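This briefing goes through selected local features of one protein model, grouped by topic. The sequence and structure come first.

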Amino acid sequence: MIADALRNLELDAVPVATPTGRLVGASGLLLEAAGCRLHTGQRCQIETVGGPWLDAQVVGFRDKLSFLMPFKKATGLTTGARVLPSPDKVNLQIGPGWLGRMVNGLGEPIDGLGKLGGEFPLEAQPPRIHPLKKKPVTEALDVGVRAINGMLTLGKGQRVGLMAGSGVGKSVLLGLITRQTVADVVVVGLIGERSREVREFVDMSLGKEGLAKAVLVIAPADESPLMRIMATELCHSIAAHFRDQGKNVLLLVDSLTRYAMALREVALALGEPPATKGYPPSVFSSLPQLVESAGNGENPAGSMSAIYTVLAEGDDQQDPVVDTARAILDGHIVMTRELAERGHYPAIDISASISRCMNQIISKEHVQAARAMKAAMARHDRVRDLIPLGAYVPGADPVTDQAVKLHPHIEEYLCQGTKEAAPFPACVEQLERLMT
């Protein structure tokens with residue numbers, strides 16, 4: 001009886017038929033398949049001429065047509081090629097062995113160091129945390145950058161945007177933060193950037209010590225938009241896992257703009273109409289969903305701080321992605337070309353930047369010193385153009401005279417070398433001593 005029951009179970013597990021679709025269209029990034037019932041998010045394999053089968057994912061449908069997008073460049077496709085649904089994917093397994101490794105958007109290792117394994121399942125989509133169960137931001141995060149520690153203090157669990165145009169030192173500042181931030185785990189997402197910068201970031205920005213506690217998720221500019229989207233979401237899932245394990249995690253995403261551009265490519269390929277400067281409406285609904293998955297969770301022992309670089313095209317701070325990021329993040333750090341051209345590095349514009357969590361995590365004396373420095377900088381800006389011309393005459397306004405006198409010391413405080421360490425307590429002490 002038992003043998004017959006087992007035999008029947010084995011027969012039931014054998015599929016009667018394999019559902020197979022056919023490729024009926026290929027236009028740009030989008031492939032069309034018919035003859036097989038597919039659901040959105042399902043992975044498929046597409047037959048190619050004289051080559052390996054192409055992996056793709058269902059991104060939409062219309063009537064009896066399913067829209068697929070390949071993970072890699074599609075070559076060797078023909079009309080009528082077979083489309084086979086992949087079996088339900090097994091969730092990735094994550095553990096401490098992921099530290100020091102580099103993966104792509106599918107979670108596959110690309111560093112040549114063998115397979116990855118772990119004891120915990122990892123979902124591709126970052127988890128959602130109930131807003132009333134999130135641990136509040138109550139403790140300062142030491143990022144090792146004097147201008148940020150002193151004037152734009154970040155908290156553990158805060159999400160902030162690093163907004164800059166091209167060529168103003170954004171990547172250099174990101175590397176400085178990566179090396180110096182006091183965190184148990186650093187998760188770095190290099191999304192849509194130049195492939196040359198990947199090795200440079202690993203060797204020069206992280207180094208051996210930094211890489212030992214880091215996980216890198218890489219999807220350079222030559223990857224498909226689908227891979228760039230999946231890589232961005234995967235690095236959030238990895239950071240959320242270590243956060244829920246009680247670790248203090250720093251998530252760095254370079255850049256949020258490239259993620260938005262990948263979303264735009266997919267949406268336009270599906271026929272969604274462009275709205276704001278070529279971005280379809282779905283892009284601006286997807287950005288908050290991604291950002292809200294960062295931050296603290298329910299575990300009081302862990303934290304997840306996030307820094308997103310946002311590319312201001314043409315130094316336009318009113319760019320739609322920049323404006324959206326400014327609204328949904330807990331602060332923004334603005335870097336300007338004017339400061340970079342003056343040799344002021346990091347080129348952070350203190351007056352245009354803000355940390356919305358700063359006042360609730362620092363001392364009263366620190367708040368007063370930071371406000372005093374901002375006031376002195378504003379006073380100096382009023383007469384900056386007059387000083388070289390000799391049109392400024394001291395003695396008319398003692399407050400302005402004091403601001404002019406302090407300006408060289410303020411500039412020295414805000415500038416920092418790429419190899420210079422600036423721990424948080426020393427930054428605060430130096431700031432209070434300077435403004436007293």
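In this predicted model, V58 of strand β4 stands opposite L68 in β5. The points below cover the strands around this pair, one helix, one loop residue and the internal cavity.

**Strands β3, β4 and β5**

- Strand β4 spans residues 54-62 and runs antiparallel to β3, residues 43-46, with four bridges joining the two.
- Across the β3 and β4 pairing, I46 is set opposite L54.
- On its pairing with β5, residues 65-70, strand β4 is again antiparallel, and here six bridges make the connection.
- The hairpin formed by β4 and β5 has two residues between its strands, and D63 there has a positive phi near 55°.
- As general background, side chains in a regular strand alternate between the two faces of the sheet.

**Helix α5**

- Helix α5 covers residues 225-244, which is 20 residues.
- From the first C-alpha to the last, α5 reaches 29 Å, close to the 28 Å expected at 1.5 Å a residue.
- Most of α5 is covered, with 19 of its 20 residues buried.
- G246, just after α5, adopts a positive phi of about 90°.
- In general, an α-helix has 3.6 residues a turn, so residues three or four places apart point the same way.

**Loop residue T153**

- T153 sits in the loop that links α2 (146-151) and β11 (154-155).
- Is T153 buried or exposed? T153 counts as buried because its relative accessible area is 0%, and the cut-off for buried is under 20%.
- A polar atom of the T153 side chain lies 2.7 Å from the backbone oxygen of N149.
- Beyond its neighbours within four places in sequence, T153 is in contact with A140, I148 and Q158, and also with S355, M358, I361, I362, H366 and F424.

**Internal cavity**

- How many cavities of 30 Å³ or more does a search of the whole structure find? The search finds one.
- The largest cavity has a volume of about 40 Å³.
- Its lining consists of L141, K156, V182, A183, N248, V249, L250, S303 and S305.
- Two strands, β15 (248-254) and β16 (303-311), each contribute at least two residues to the lining of the largest cavity.
- Which strand gives the most to the lining of the largest cavity? The answer is β15, with three residues.

Terms used: Residues numbered from 1 in each chain as written. Predicted model: local features only at pLDDT ≥ 70, side-chain atom pairs only at ≥ 80, totals over all residues. Heavy atoms only, no water. Pairing = 2+ DSSP bridges. Expected span 1.5 Å × (residues − 1). Buried < 20%, exposed > 50% of the residue type's maximum accessible area, 1.4 Å probe, protein only. Polar contact = N/O pair within 3.5 Å; in protein donor to acceptor, adjacent residues only side chain to side chain. Contact = heavy atoms within 4.5 Å. 1 Å grid on protein atoms, 1.4 Å probe; cavity = no way out; pocket = protein on both sides within 12 Å on 5 of 7 lines; lining within 4 Å. Points joined across faces, edges and corners; volume = space filled by probe spheres on them.
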